[in-house]
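Trainee: Before I rely on any label for this model, I would like to see how each one follows from its value. Could we go through them one at a time?

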Amino acid sequence: MTRRSVVRGAGHRLPERVVENAEFSATLDTSDAWITSRSGIERRHFAAEGECTSDLALAAARAALADAGMAPDDLDAVIVATSTPDFTFPAVATMVQAGLGMTRGFAFDMQAVCAGFVFALANADALIRGGAADRVMVIGAETFSRIMDWTDRSTCVLFGDGAGALILEAIDSADRAPRGVLATDLHSDGRQGGILHVDGGVSSTQTAGHLRMQGKEVFRHAVEKLAATATAVLRTSGVAPEELDWLVPHQANLRIITGTAAKLGLPMERVVVTVQDHGNTSAASIPLALSVAHADGRLKPGDLVLTEAIGGGLAWGSVLLRW
Ligand code: UT7
């Protein structure tokens, strides 16, 4: 028997306000045609004034609990992947714990920027396999609109706000084609920290700062590293790319998504793409895409799903799971 982490429920929350590409042309030298052709993004959601990362995370968590048919105190742990917490501390995860009315368990945030959800999923799986928890809520939640420089057309048109959540539960399985997390692959290279960073922070400037990105450089790393991590996780688990039912990639740029799918030999019909509607929501992008595809019936129990992401750090990785 092998102890594994199986997905029991999913949920998401997007802020109500939708901003179409055309809105940016009023204040910036940009166009819908440029944004769509270079990134695939058509619109994104921005949080309302006073609407914080923890509000989005809590709503996504409630939706995941309802989907799983579980109560808050069924959970042993809450992990929130975010780079845009409400406060320096307490953690967003403990705010979610309190918001759900949990009276037990533990909660903490993880920060691996756009790869945050992949890192959180791998850590939740490790907690479950190691016996520290039986049920873990894993959330990706961001309000990147709060760290945009609205005069920088090369970044502010790309990002959006939102949250997605999955609930993982331990099972003991002797199955040859088991459900749940099958393999994980994590990497980072701190030498590349400068190409995608925020130019402020508590200890350095005592400000939140603004996102700065050398887009072309990040693009170059993304195409190469995402294909490598996806290939590694498939090789570890002895799965051929053509056996995958779904690729659910980080949603940063449609050209990166199609490039990675092409390298794996996967047709775009088997790729979940939400970047046109959500923009880049950093750590929230994968759980948002998973929850959307679960809700619309594309993801079915038993489907083989590969998720992969790269972002600031640089940090990147992938998780292979059977839904
Ligand atoms: O989630 C974390 C990981 N992040 C990513 O994966 C993002 C990776 N990078 C990218 O997605 C792409 O590099 C971008 C979408 C950011 C940019 O696309 P690009 O094809 O690499 O364009 P570029 O940065 O090389 O810029 C091309 C031109 C430049 O003008 P010049 O120098 O050729 O005259 C830019 O100034 O496009 C200009 N430009 C814009 N023009 C209109 C940059 N932003 C805009 C804009 N509207 N919003």
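Trainee: Why is Glu23 called partly exposed?

Mentor: This is a predicted model, and the relative accessibility computed for Glu23 in it is 44%. Buried would need a value under 20% and exposed one over 50%, so at 44% Glu23 counts as partly exposed.

Trainee: What makes Glu23 and Arg17 a salt bridge?

Mentor: Their side chains meet with an N to O distance of 3.8 Å, and the cut-off asks for a side-chain nitrogen of Lys or Arg within 4 Å of a carboxyl oxygen of Asp or Glu, so the pair qualifies. Arg17, at 47% relative accessibility, also counts as partly exposed.

Trainee: How do you know that Asp134 and Arg3 form a salt bridge?

Mentor: The closest N and O atoms of Asp134 and Arg3 are 2.6 Å apart, which lies within the 4 Å limit and therefore meets the criterion. The pair links distant parts of the chain, since Asp134 sits in the loop between α4 (116-130) and β6 (135-143) while Arg3 belongs to strand β1 (residues 2-13), 131 residues apart. Asp134 has a relative accessible area of 41% and is partly exposed, and Arg3 is partly exposed at 23%.

Trainee: Which labels do Asp189 and Arg191 receive?

Mentor: Asp189 has 13% relative accessibility, which is under 20%, so Asp189 counts as buried. Arg191 has a relative accessible area of 73%, which is over 50%, so Arg191 is exposed. The side chains of these two residues, Asp189 and Arg191, meet in a salt bridge at 2.9 Å, N to O. Elsewhere, salt bridges that share partners join Arg8, Asp74, Arg135 and Glu169 into one network, and a search of the whole structure finds 17 salt bridges.

Trainee: Taking Glu169 from that network, why is Glu169 called buried?

Mentor: Glu169 has a relative accessibility of 12%, and because buried means under 20%, the label follows. Glu169 is found in strand β7 (residues 161-173).

Trainee: What makes the pairing of Glu169 with Arg8 a polar contact?

Mentor: The side chains of Glu169 and Arg8 are joined at 2.5 Å, and a polar contact asks for N or O atoms within 3.5 Å, with one able to donate a hydrogen and the other to accept it, so the distance satisfies the limit. The side chain of Glu169 makes a further polar contact with the side chain of Arg135, also given as 2.5 Å.

Trainee: Turning to the backbone, what makes Gln206 worth a note?

Mentor: Phi of Gln206 is near 60°, a positive value in a residue other than glycine. Gln206 lies in the loop between β9 (196-198) and β10 (211-213), and with a relative accessible area of 61%, over the 50% bound, Gln206 is therefore exposed.

Trainee: Is Ser282 buried or exposed?

Mentor: Ser282 has a relative accessible area of 1%, which is under 20%, so Ser282 is buried. Ser282 has a positive phi of about 50° although it is not a glycine, and Ser282 is found in the loop between α8 (275-278) and α9 (285-295).

Trainee: Which peptide bond leading into Pro90 is cis?

Mentor: The bond from Phe89 to Pro90 is cis, with omega near 5°, and Pro90 lies in the loop between β4 (77-81) and α3 (92-100). A cis peptide bond also joins Gly313 and Leu314, where omega is about -20°.

Trainee: Finally, how do you know that Thr30 has a polar atom in contact range of the ligand?

Mentor: A nitrogen atom of the ligand is 2.6 Å from an N or O atom in the side chain of Thr30, and that distance is within 3.5 Å, so the pair counts as a polar contact. Polar side-chain atoms of Lys216 and Arg255 lie 2.8 Å and 3.1 Å from an oxygen atom of the ligand, respectively. The protein covers 73% of the 950 Å² of accessible area that the ligand has on its own. Within the shell around the ligand, α6 gives the most, with four residues, and by class the shell has 11 nonpolar, seven polar and five charged residues.

Note on methods. Residues are numbered from 1 along each chain as its sequence is written. This is a predicted model: local features need pLDDT of at least 70, side-chain atom pairs count only at pLDDT 80 or more; totals for chains, interfaces and linings use all residues. Side-chain values use heavy atoms; hydrogens and water are left out. Accessible areas come from the Shrake-Rupley method with a 1.4 Å probe; for residues, only the protein chains shown count as cover. Helices (H or I, at least four residues) and strands (E, at least two) are DSSP runs, numbered from the N terminus. Ala, Val, Leu, Ile, Met, Phe, Trp, Tyr, Cys and Pro count as nonpolar, Asp, Glu, Lys and Arg as charged, and the others, Gly among them, as polar. Buried means under 20% relative accessible area, exposed over 50%, partly exposed in between (1.4 Å probe, protein chains only).
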